[in-house]
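Please open the model in a viewer and keep the selection tool at hand. The tour proceeds from the whole chain to individual parts.

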Amino acid sequence: MDSFKEIYSAYKHRVYFFVAKYVSDEEDIEELVQDIFMHVWKYRSKTDSLSQTEAIIFKSAKQEVSNFYRKRKMIFVPLENSQNVDEEETSDIEKKITQEDQLQKIEDLLEQVPERSRDFFIKNKIQNLSLFTIAQENDISKTAVEKHVNKVLKFLKANLSLFF
């Protein structure tokens, strides 16, 4: 149980942002993240290392996003509900605009951090590269990369209370 809590704590934000790249509705994202961690819970005994766990998490994430779109493709909306669809589309557009504004704020804040720290943060949190891989690419310790990433996270948390 404790090992699962550690896995959840370590990956919850990365999985959330990974899913958010493909799905825009907040409820859908949360549901998919929950499904992903349910899958990890079921198969936690079959993993021996952290890299296997990470592989299972992101493979599950890709599968869940694919399944989500496969299911959505099959949903039928009756004509009498077409007005509701228009209202939902307007709501979705407003959500998209809000998300774009928030992403712009994050991008502006990222411009304020040192370039090296920003690069490590983007590689780790957005491109999903492991700290170890980034450290090897830059010929520095994993701890040094982790400190750079954490410095950016602290900066973002301090300036974006709405996300954390």
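A residue is called buried when its relative accessible area is under 20%. In this predicted model, buried residues make up 28% of the 164 residues in the protein.

Begin with the whole protein in a cartoon view. Seven helices and zero strands are present. The exposed area is about 11500 Å², of which carbon and sulfur atoms supply 51%. Among contacts between residues at least 6 apart in sequence, 63% join residues at least 24 apart.

Next, select helix H1 (2-20), helix H2 (26-42) and helix H3 (50-73). The largest nonpolar core has 18 residues, and Tyr11, Val15, Val19 and Ile57 are those with the most contacts inside it. Each of these three helices supplies at least two residues of this core. Now centre the view on Val19. Leaving aside residues up to four places away in sequence, Val19 touches Ile29, Leu32, Val33, Ile36 and Val65. Apart from this core lies another, of 15 residues; select Leu110, Leu131, Ile134 and Val149, which are among them.

Then move to helix H5, residues 115-126. At 1.5 Å a residue, its twelve residues should span 16 Å, and the end C-alpha atoms are 15 Å apart, which agrees. Which residues of H5 are buried? They are Ser117, Arg118, Phe120, Phe121 and Asn124. Look down the axis of H5: the buried residues fall within an arc of 165°, so they line one face of the helix.

Finally, select Asn128, just after H5, where phi is positive at about 60°.

Methods
Residues numbered from 1 in each chain as written. Predicted model: local features only at pLDDT ≥ 70, side-chain atom pairs only at ≥ 80, totals over all residues. Heavy atoms only, no water. Helix = DSSP H or I, 4+ residues; strand = E, 2+ residues; numbered from the N terminus. Expected span 1.5 Å × (residues − 1). Buried < 20%, exposed > 50% of the residue type's maximum accessible area, 1.4 Å probe, protein only. Arc of directions from axis to C-beta. Core = buried A, V, L, I, M, F, W, Y, C linked by side-chain atoms within 4.5 Å. Contact = heavy atoms within 4.5 Å. Areas by Shrake-Rupley, 256 points an atom, 1.4 Å probe, with all protein chains shown as cover.
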